Structure formats: C-alpha cells, structure tokens
Amino acid sequence: MLDQLFFIIAVSLFDSFATTQQIVIFVLILTTANPLKNSISYLAGLITVYFACGLFGYLALDQLSAFVSALAPAHGGLSDTAYYRAQIFAGIVFAAIGVIYYAKKRNSKKPAMENILISRLKNMNAHVAFVIGAVISVTGFPLSLPYIAALGKFAFLKMNMPEVVASVLLYNISYALPMLAILIIYFFTGAAGRENMEGRLNERAAKLNLRLTSIMFVALGLLSIADSIVFFLTRHPIFKDRFF
C-alpha cells in the first residue's frame, strides 16, 4: 500500500514539474485584478477537469494506450542491451537539450506568451480563470505520459473502481501541490508583501518556467543514463519497467 502511495505521489509531482506551463500560468494569474479568487477558480478548473480526464482515460485505457503507442517509437523487439544503449543516447540528448535551452533563453528579453496572454486578461473574472484551467487539462492530458502510465499501473494492479477513483483523486491532489504551496504563501502574506510580490511575479514566472523546464530535461536525461549504467553493471536496472 505504501509503495502504491509513493508511486502515485512521485509520478504526479513529476508530471506537475515536467509540464510547468500550468504552474507558470497560475503564478501569473496572481497578478490579475482578483488574484485569490481567480487563482482558486483556475486551480479548480485545472484539477476537476484533469481528474475527470483521468477517470475517462482509465475507462478507455486501451484506446489511450494505442494513441500513445502511435506517438512513441516501438521498442518491444529491442533486446535489453540494445534498448539501454539507446536509452543512454536519449539521456545525453535530453540533458543537452536542458543545458542548451537554459543557456539560450536565460538572457532573453522577449516576453513569454503566457505573460502577454495574462496581461491582456488582467481584469479576467473567475469564470474565465476556470475555463483556462479546464482547457489546459483537456489539451494536455492526451500527451501526459506520467498520468497515462499511472492509469496503466492501476489497471495492472486490477484495482476496483472505488480504488481507482481514490487513486486518481490522490494523483490530482499531489499534482496540485506546487500551486497550492504558492497559494498558501501568497494567502498568508500581508497586503504590503502581496503588492511587492505581485510586482515581481511576471519576471519570476518567466525565470521559474525556464529553470523548471531546464531542470526536468537534465534530470530525465541523467536518470535515463543512470538507469542504463546500473543495468550494464548489474543486469538489473533501477526501474523494472522500461521508460520508453
């Protein structure tokens, strides 16, 4: 049971930090005219729809897996040796992308698309914020490999429907934790602190997006390389299942 809880929390947090877009937009919504109301509505739209996507995805897991397989390269015919050699190469590529992306973007003065969008919606209401969160979940779910992998794990464990619902709910709560932490900090900050905080959020959101995206690419690359090295040294990789 503890292994399952750890798996759900770890994968959902990886999902959240690997796709930083929703966190960046959440931070930027704190700069709108009604920051608390809008950010809560955005989070509600994001999580309720992502939760619903998870349940529908579980019920249609065969079709969802076929969709993902069509996007991902087939590796079933590869031997373990060939696969882990390829994974080392993929890890080097991922790590290099992270380093190059950070080096290229860190001194960029061009405003991010999210900043432009939120600046135009400065006076948005809670309904618009909810819709933005819902749209991000719907469009992001089909390509959310960690979420789909978690749903596959639930099917493999032959969970009954109440267990699946509870697991998907826990996944979404964990997925929202980075944003909930930001919201709690913002909520307990005094009025003067909020004013100063809002004045810096646009700049910091762009830096946050850059750093998290770069870190996730590098971390995934290093993890892939480490997994392959351990396989070649011990014939037992760190993770029992292949990543790709």
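A residue is called buried here when its relative accessible area is under 20%, exposed when it is over 50%, and partly exposed in between, with a 1.4 Å probe and protein chains only. The model is predicted, so local features need pLDDT of at least 70 and side-chain atom pairs count only at pLDDT 80 or more, while totals for chains, interfaces and linings use all residues. Residues are numbered from 1 along each chain as its sequence is written, and side-chain values use heavy atoms, with hydrogens and water left out.

**Stop 1: the whole chain**

Show the protein chain as a cartoon. It has 10 helices and zero strands, where helices (H or I, at least four residues) and strands (E, at least two) are DSSP runs numbered from the N terminus. Of its 244 residues, 36% count as buried. Among contacts (heavy atoms within 4.5 Å) with a separation of 6 or more, 83% join residues 24 or more positions apart.

**Stop 2: Phe231**

Select Phe231, in helix H10 (residues 191-234). With 3% relative accessibility, Phe231 counts as buried. Now add Tyr84: it is 147 residues from Phe231 along the chain, yet their C-alpha atoms are separated by 7.6 Å. Leaving out residues up to four places away in sequence, Phe231 touches Asp80, Thr81, Tyr84, His236 and Pro237.

**Stop 3: H2 against H3**

Select helix H2 (residues 21-29), where eight of the nine residues are buried. The buried ones are Gln22, Ile23, Val24, Ile25, Phe26, Val27, Leu28 and Ile29.

Add H3 (residues 35-59). The axes of H2 and H3 are 8 Å apart, at an angle of about 155°. H2 is therefore roughly antiparallel to H3. Axes are lines fitted to C-alpha atoms, for helices over the stretch in contact, and angles run from 0 to 180 degrees between N-to-C directions. Angles under 35 degrees count as roughly parallel, over 145 as roughly antiparallel, 65 to 115 as roughly perpendicular, and the rest as oblique.

To display the contact, pick Gln22, Ile25, Phe26 and Ile29 of H2 with Pro35, Asn38, Ser39, Tyr42, Leu43 and Leu46 of H3. By class these are seven nonpolar, three polar and no charged residues; Ala, Val, Leu, Ile, Met, Phe, Trp, Tyr, Cys and Pro count as nonpolar, Asp, Glu, Lys and Arg as charged, and the others, Gly among them, as polar.

**Stop 4: Ser39**

Stay on H3 and zoom to Ser39. At 0% relative accessibility, Ser39 counts as buried. A polar atom of the Ser39 side chain lies 2.8 Å from the backbone oxygen of Pro35. Beyond neighbours within four places in sequence, Ser39 is in contact with Phe26, Ile29, Leu30 and Leu183.

**Stop 5: H3 against H9**

Select H9 (residues 161-187) together with H3. Their axes come within 10 Å and cross at roughly 160°, so H3 and H9 are roughly antiparallel. The crossing is right-handed: the near helix is turned clockwise from the far one by less than a right angle, anticlockwise being left-handed. The contact of H3 with H9 has 25 nonpolar, three polar and no charged residues.

**Stop 6: H8 against H9**

Keep H9 and add H8 (residues 145-156); the two axes come within 11 Å and cross at roughly 155°. H8 is therefore roughly antiparallel to H9, and their crossing is right-handed. Pick Pro146, Tyr147, Ala150, Leu151 and Phe154 of H8, which meet Ser167, Val168, Tyr171 and Asn172 of H9. These residues divide into seven nonpolar, two polar and no charged.

Key: Polar contact = N/O pair within 3.5 Å; in protein donor to acceptor, adjacent residues only side chain to side chain.
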